[in-house]
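I opened the notebook to follow one strand and its partners. A single side residue went on the list as well.

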Amino acid sequence: MKKFMISSMMCLMALTSNAQVMTSATVDKVYNTVSQATDAAFVYNADRVADGNIATMVVYQEKTLRKGDFTLKPIYRYQYTYAADGMLTSRTKYVWHKNQWQCAGRHNYSLDAGLFIATYSRWNKKKAQFDEPVGQITYTLLPDASRS
């Protein structure tokens, strides 16, 4: 829950500072920023669908070997879905465990009557489905006063 709250707060701060909802452009911007960082211990790879939107992003951790060689170990995989207008509707997280991807949870995003709602649900391995949301953030979209 703590990780969800931290990531949600970071997401919320980014969204409210720009007065926008999460979109395919937001996902692209985040990917471009993290994948171009030169001092990071992580490497990112994204697969795009025909319309150019990122469908899957994989995060690898760089492990240094002997003689300056290195290897990349998969850590996380994120799958993104979007509405027809490009709004991000869900981000599903998978964790690399025992040489396979295991579903961990999903953020769902929706826009309803000027309210942007983000929820988080954990994956229930025994039931093979997502549990009811364990967290939710709702905020009202307001016009950007600096542009009037």
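These entries record what I looked up, strand by strand.

**Setting.** I am working with a predicted model.

**Strand E6.** I began with E6, residues 115-124. How many of its ten residues are buried? I found seven, so E6 is largely enclosed by the rest of the structure.

**E6 with E5.** Next I looked up strand E5, residues 100-112. E5 and E6 run antiparallel, and eight bridges join them. I checked which residue stands opposite threonine 119, and on the E5 side I noted asparagine 108. The two strands form a hairpin with two residues between them. In that turn, alanine 113 has a positive phi of about 50 degrees.

**E6 with E8.** I then turned to strand E8, residues 135-140. Six bridges join E8 to E6, again antiparallel. Which residue of E8 is the bridge partner of threonine 119? I read off glutamine 136. So I logged threonine 119 with asparagine 108 and with glutamine 136.

**E6 with E7.** Strand E7 covers residues 129-130. I counted two bridges between E7 and E6, in the antiparallel sense. Tryptophan 123 has phenylalanine 130 of E7 as its bridge partner. E6 and E7 form a hairpin too, with four residues between them. I noted a positive phi of about 55 degrees for alanine 128 in this turn.

**Histidine 97.** My last entry concerns histidine 97, found in strand E4, residues 88-97. Is it buried, exposed or partly exposed? Its relative accessibility is 38%, so I put histidine 97 down as partly exposed. I also looked up its C-alpha separation from isoleucine 75, which is 8.3 Å. The two residues lie 22 residues apart along the chain.

Note on methods
Residues are numbered from 1 along each chain as its sequence is written. This is a predicted model: local features need pLDDT of at least 70, side-chain atom pairs count only at pLDDT 80 or more; totals for chains, interfaces and linings use all residues. Side-chain values use heavy atoms; hydrogens and water are left out. Buried means under 20% relative accessible area, exposed over 50%, partly exposed in between (1.4 Å probe, protein chains only). Two strands pair if DSSP finds at least two bridges between them.
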